[in-house]
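Visitor: I have a structure to look at. Could you walk me through it?

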Amino acid sequence: MARLIRTEKEVEGRYEEIWTVVEEDALEQWPSGPLAIVGHPAQRQDGPQRARGEARYTADLRLPGTLHAAVLRSESAAARVRSIDVAPALAAPGVHAVISFEDVNFLRDDAGFPGAAVAAVAADTFGLARAALAAIRIEWEEREPLLDADEAVARGQLVSDERTYERGDVAGALAGADEVVEAEFTTSSVLHNALETHQAVCVWEGDTLVVHVSTQFVWGVRDEVAKAFELPLDRVRVVCEYMGGGFGAKNGAGEYTLIAAELARRTGRPVRCQLTRREENLAAGNRNATIQRLRVGASADGGLVALEGDYVNAVGYGGWVAGTDGPMQLLYGCDNVRTRVRGAKLNSAPMAAFRAPGFVEGTFGLECLLDELAAKLDLDPLELRKRNHSDVDLLDGRPFSSKSLMACYRLAEKHWERRHEVRARSEGPWRHGVGLASQVWYGGGGPPSYAWVRVGADGRATVVTAMQDIGTGSRTAMAQIAAEELGLPLDHVRVELGDTARGPYASISAGSSTIPSMGPAVRSAAADAARQIVELAAQRWHREQRTLSLKGGEIVSADGGSWPLTELLGLLGDAQILGRGARGPNPTGMRVLTFGVQVAEVRVDVETGE
Amino acid sequence: MPDLRVNGHTYAYEAPVGRSLAAVLRDDLGLTGTKVACGEGHCGACTVQLDGVPVLSCITLVHTVREREVTTIEGLREHPLVDAFVRCDALQCGFCTPGQIVSAAALLETDPHPTREQVRHAMAGNLCRCGAYPRIEEAIQTWRD
């Protein structure tokens, strides 16, 4: 029976309480110890298609009659359009439609960063569209840009309210500490630069808008586009079978998708809006720069007594305040912690999620701080980290669902021990060194996520779910999970994904959540199919259902009998076994986090910086 | 009308001055295995061979190709390198992979047993944003296994 429950959902470190529907019967965990397929290396199932150049990415779609969009963007960091005349562009050769902020609200007349989209043209070719942009008559009123993050904070120009956190008594603990280290760290902005640039091809088919888009989240795009065009959700179909990298910057629809959809609506033709590499760098998101003013207090034996972090995220003109403060709160056992994060609203390009947004930057600062503390205390930096390991989450005392950070430290030891030998290799300006850092991130996944499994007379199974494989191999992982549960060889399981019209809702491919969200849904669907197969087998061979199981492509009976699965399924003809599964809720009262350690050997020319 | 020779086929093709080889391959001939990732000759995703020499098709004007034989990933699908890349899992998103294989195939024509340094030198023009470089090296060095 389906149950309606409240559960905590986390994506990229942002939590929300949601209602979700889960199935009544949660499966037992797989037994510990080696499994037949899961946990073993497997060849990437779509590797040949990708390597042979057969995989069709959004960039490769060639729909008949496609028009190409070019986008007019602000060259200035802060300006408002005084006047615009798109008529000359509309009259330019090959042009079919022109839109601007006067027509749609996802284009704006107040440009807040270089690259802000103002107008767009659809033409027979991209070259003609781009040429027509030059014909748009536009006058700008320049404004003074704000580019300094500290200055923005001083002026109170924030993208959202400041975020503060405190546990214990930081001031008191610092006053009583044997050693206090204070430091300021800055990190620069970083660009994602997926090789396939952000792009969409949109076409209206009757009352349905079909969106082919390079995305990490077909369902998120569906919802955003449906809202923008005031359509019922399933009148938008979003397709992404293969995509050429996202790194967090392709979690949303993006204005390029809306531009393509609107131009397609106006022209009645498919429209491609594909960012150039230059646009990709200007306006497709970045990991924002940060300023981190940090303080640590410790006892003489290296126990952390206080941590304090004051963070400024240079968020840009849009975006959100990522968890720069997260690692300081979560990574070590320290009773007294105070953090504050402020997101500076600047006249620079909006940030976008980027591989553990905030945590990468925050970990850099925290771990540098701990290295400085270790040097002051004359303590081995790895030993310092071990001494401050915590078995419970100090945010609220919850135990972790599992935590293997101490095991990671032990694995890191043999690499860390090489540091003296590596250092001795320094010669002239080339200095060699080994660095080490702990790592913390979310990645527990959760509901809702669904999958279907179809088994046919040929003894092969197909997993159907509208998730994405952004290159991480999630398609292969899902096939492994289904094969394990069905007792089938891996090459007998295929996965069909990437189409909101052709499969159930599936999780975003972001926040390290795809496998933990989708894996249990696929397993549960496969188990549902397996249960039905066993029911049929019990009838066919007159056994009790509970004495039968699926193993290695066979139906195995507790009394020693076994029959090839194909013998039973061969009876099906055109009938199919259909299994369905859903991701269950996360365990209550437990904290789900991921931890790790990284050791890096680095060589730097201290004169040139190479 | 000059012909364009691609993967052993001859296409009657009138090449307009200013059109890139990549655009002709992808848009006119439907050979979308060749990818365009930067369009500026920086990343190597669009690599094809001209008479066996790797070139960047996004900045090669089609009228300059003349009588030379163009080889794209579609012409190299049966090359053992394809299996080697899959076996070594030398790819993630795969958008750079056809270009990597086209470059590597040209290297192996001139030297079937390249050293690691030779591989790195020959492949320096092919970027992989996912960071599969160690496995790309492994695939190229174990292509006959």
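Visitor: How many residues does chain B bring to the contact with chain A?
Guide: This is a predicted model. Chain A gives 26 residues to the contact. On the other side, chain B gives 28.

Visitor: Which helices of chain B each supply at least two residues of the side that touches chain A?
Guide: Two helices of chain B do so. They are helix 2 (80–87) and helix 3 (97–110).

Visitor: How many residues on that side of chain B are nonpolar?
Guide: The residues of chain B that touch chain A fall into three classes. Six are charged and seven are polar. The nonpolar ones number 15.

Visitor: Why does the radius of gyration of chain B agree with a compact globule?
Guide: Chain B has 145 residues. A compact globule with 145 residues would have a radius of gyration near 15 Å. The two agree because chain B has 15 Å.

Visitor: Which strands are the edges of the open sheet in chain A?
Guide: Seven strands of chain A form an open sheet with mixed pairing. Their order is 5-7-3-15-12-13-14. An edge strand pairs on one side only. In chain A those are strand 5 (95–100) and strand 14 (236–239).

Visitor: Do strands 12 and 15 of chain A run parallel or antiparallel?
Guide: Strand 12 covers residues 199–205 of chain A, and strand 15 covers residues 271–274. Four bridges join them. A:Gln199 stands opposite A:Gln274 in strand 15. The two strands run antiparallel.

Visitor: What angle does helix 7 of chain A make with strand 12 of chain A?
Guide: Helix 7 (residues 254–267) of chain A packs on the sheet. It touches several strands, including strand 12 of chain A. Its direction makes an angle with that strand of about 30°.

Conventions:
Residues numbered from 1 in each chain as written. Chains lettered and ligands numbered in written order. Predicted model: local features only at pLDDT ≥ 70, side-chain atom pairs only at ≥ 80, totals over all residues. Contact = placed C-beta atoms within 7 Å. Nonpolar A, V, L, I, M, F, W, Y, C, P; charged D, E, K, R; others polar. Rg over C-alpha atoms; globule rule 2.2 N^0.38 Å. Pairing = 2+ DSSP bridges. Axes fitted to C-alpha atoms, helices over the stretch in contact; angles between N-to-C directions.
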